[in-house]
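Here are my notes for a colleague who is opening this entry for the first time. Please read them with the structure in view.

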Amino acid sequence: MSTEISALSNRPVIIGGGAAGLMTALQMAPEPVLLLSKAPLGAEASSLWAQGGLAAAMGDDDDPALHLGDTLAAGAGLCDEAVARRIVHAAPAAVEYLARLGVAFDRRPDGGWRLGLEAAHGRNRIVHATGDGTGREIMRALIAVVRRCPSITLLEGVEARNLIVEDNAIKGVLAVNAHGRLAIDTGRVVIATGGIGGLFLDSTNPAGCFGQGLALAARAGAKLSDLEFIQFHPTAFDGPSRPMPLVTEAVRGDGAILIDDTGQRFMADQPGAELAPRDIVARAVWHRRAEGHRVFLDARKHPGAEFAKRYPVISAFCKMAGIDPATDPIPVRPAVHYHMGGISVDIEGRSTVNGLWACGEVSRTGLHGANRLASNSLMEAIVCAQWVAESVQAAGRGPLKVRSANAPPPASDPSAVRPILSQGLGVLRDRHGIERAIRGLYPIASSRSAASDPALVGLMIAVAAWRREESRGGHFRSDFPDTLPSAMPSSISVAEALDAARDITETGSLSVGSVQP
C-alpha cells in the first residue's frame, strides 16, 4: 500500500464519501483526485438519509429572489446575504445537472417537476426523488458515476486521522486503514465529512457522523464559526432506533398536524402553525413533552390514505413499529439533525489554512445563518462543490518534500461525550448547564484518548454557546431568551476554546469576550 500511496502523491485529497465529497470529486474531473471514505461509500453519509429533497426555484410561480427571502428570514439575521444569493441562484441549474447524472426526480404526469412544500418556504420548491427517498436516490446516482470516473481514485476503509501542516499550509494527510498507517503527501485537501449528530444520544444522523472533519480542521489551526447553532428536527420518530428515523417536514407540508396525547393541536395558534421555522416547532414539541405529554404527528386526514404511496420509507419503519400512519398518529420528538456552524470558509470553500477547503455540512458558508431553511443543505453541498473544485484546481500543485509524520491518534469514540452534550446543549440551554458540559468535556479534550477529538469538538460548541448570551435560531438560552438587536457571527479556535474552558473550570466564571472573526 505504501508504494501505491507514494505513486498517488501530490493529488488533491477529498475526505468524505457523502454528497459533498462525491460531487467535488466529480467536478474536478479530469484532474486526478484521491477520495477517502472511512466506510463503504454512502454507508455513514447523512446524505443517504435525507428525505426532504433539494430546495430550488423551479416553479412557474417562483424565483430565486423569493427563495433568498425565505432563506434570510429563517437564518434569523446571521446569513451572509451575498453568499446566500449566489447559492440560491445556482440551485435550479444544480437540479438539472443531477438529473443529467441520472437522478430520478419525481415528475408530474406532464413531465414537469413535482414540487413539495416545507416549513418556512413561501412556495412549493422542494424537488424530491422517490417520494421521501431523495438522499438515497441522489447518492445512488453519484456513487455510480464516481465508480465509473477514471480520474477518481477511491480509497474506501481509509480514515483521515490528522492533517500535516507547516507554516499554516497543508502538507499532507495522515490516515489509517486495516493494514496500518498511510502518509499522503498533498498540498490540497477538501474536508467533506458531514455533521455532528453522532455526538448526541438522539440524532437523525448516522452514528459515524460526530464531527471528525471539525476536529481535523481545528487541530490544523483553522477557524470554526457559528458552532453553537444546532438544528433539532422537531419530528424524529420517537422509538428505540438509532439513528432516529426522520418523519420529513413534507408530511406537515401535506397537511399533517401535531397533537399531544390528549388530542390537542398545540401549534394551531402559532404563526405558521406546524410549518413555522424548525427551531420554533422543536421548542414547542420540547415544551409539550416537558409538561409530561407525548407528541404525535397526525397524518390520518392529510395525506391520509395516500400516506404509504407518498412516503414509502416512513411508512415502512412505521409498519415495523406496528403503526399505520393512515389510521394511527405517529409518535415524534426533537432530535439533532443539522449543524449550521462549521469550518469557516469563503464562497469558494477556502478555510483560514492555506490548501484546506471544506464543503457541505462541515463548512460554514453563511447560507444557513442561525437556522437552516428546510432542504437547503443538499442543495448547498451540490452547488458549492463546483466552486470548491474550481478553487482547488486553480490553486495548482505546490512543491512537496518527503517528511516523516507523527503516529496517528487513536480511532475516535464519542460514547463518553454523548450524554454530556445531550444534557447541556439541547433544545433549551442555560449558563449552568453549558458550564457543566464544559467542565465535563475539558479534561477529556485535553487528553490523548479515543474520546479526545469528539470532546474537543463538543467543547468548542459548548464554549461558543456559553459566549452567546442571547437566543437566536437554533441556539436558545432560557436565561437569555431575547434576541440582540444586531446579529454577529461567532468564531473560535482550539486555543481560544481550551483557554476559555480552563478559566471556567478553574474559576467557575469568565467574562464574555469578543467572538468575532
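1. Start with the buried residues of helix α2: Ala19, Ala20, Gly21, Leu22, Met23, Thr24, Ala25, Leu26 and Met28. The helix covers residues 19-28, and 9 of its 10 residues are buried, so the rest of the structure largely encloses α2. Keep in mind throughout that this is a predicted model.

2. Next, look at how α2 meets helix α4 (residues 81-101). Their axes come within 14 Å and cross at roughly 80°. That crossing makes α2 roughly perpendicular to α4. From α2, the contact uses Met23, Leu26 and Gln27; from α4, it uses Tyr97, Leu98 and Leu101. By class, the residues of this contact are 5 nonpolar and 1 polar, with no charged residues. Met23 and Leu26 are also among the buried residues of α2.

3. A second helix pair deserves a look: α13 and α15 (residues 494-507). Here the axes come within 9 Å, and the crossing is roughly 110°. α13 is thus roughly perpendicular to α15. Glu435, Ile438, Arg439 and Tyr442 are the α13 residues in this contact, and they meet Leu498, Ala501, Arg502, Ile504 and Thr505 of α15. This contact divides into 5 nonpolar, 1 polar and 3 charged residues.

4. Stay with α13 (residues 431-445), which holds isoleucine 444. Leaving aside residues up to four places away in sequence, isoleucine 444 touches Ile420, Ser449, Ala451, Ser452 and Ala455. Valine 417 is 27 residues from isoleucine 444 in sequence, yet the C-alpha to C-alpha distance is 8.7 Å.

5. Now the sheet. Five strands form an open sheet in the order β6-β2-β1-β10-β17, and the pairing is parallel. β6 (152-156) and β17 (356-358) are the edge strands; each has a single partner, so one side of each has no neighbour in the sheet. From one strand to the next, the twist averages 20°.

6. Inside that order, check β1 against β10. Strand β1 (residues 13-15) runs parallel to strand β10 (residues 189-191), and 3 bridges join them. Isoleucine 15 has isoleucine 191 of β10 as its bridge partner.

7. Compare an antiparallel pair. Strands β7 (residues 159-166) and β8 (residues 169-177) are joined by 7 bridges. Glutamate 159 stands opposite valine 176 of β8. The two strands form a hairpin, with 2 residues between them. In the turn, aspartate 167 has a positive phi of about 55°.

8. Finally, the cysteines. How many disulfides does the structure hold? The count is 0. Cysteine 384 is in no disulfide, and its nearest cysteine sulfur, in cysteine 359, is 5.9 Å away. A disulfide needs the two sulfur atoms within 2.5 Å. Why is there no bond at cysteine 79? The closest cysteine sulfur, that of cysteine 384, is 13 Å from the sulfur of cysteine 79, which is too far for a bond. Cysteine 79 is buried, at a relative accessible area of 14%. Cysteine 384 is buried as well, at 5%.

Notes:
Residues are numbered from 1 along each chain as its sequence is written. This is a predicted model: local features need pLDDT of at least 70, side-chain atom pairs count only at pLDDT 80 or more; totals for chains, interfaces and linings use all residues. Side-chain values use heavy atoms; hydrogens and water are left out. Buried means under 20% relative accessible area, exposed over 50%, partly exposed in between (1.4 Å probe, protein chains only). Helices (H or I, at least four residues) and strands (E, at least two) are DSSP runs, numbered from the N terminus. Contact means heavy atoms within 4.5 Å. Two strands pair if DSSP finds at least two bridges between them. Axes are lines fitted to C-alpha atoms, for helices over the stretch in contact, and angles run from 0 to 180 degrees between N-to-C directions. Angles under 35 degrees count as roughly parallel, over 145 as roughly antiparallel, 65 to 115 as roughly perpendicular and the rest as oblique. Ala, Val, Leu, Ile, Met, Phe, Trp, Tyr, Cys and Pro count as nonpolar, Asp, Glu, Lys and Arg as charged, and the others, Gly among them, as polar.
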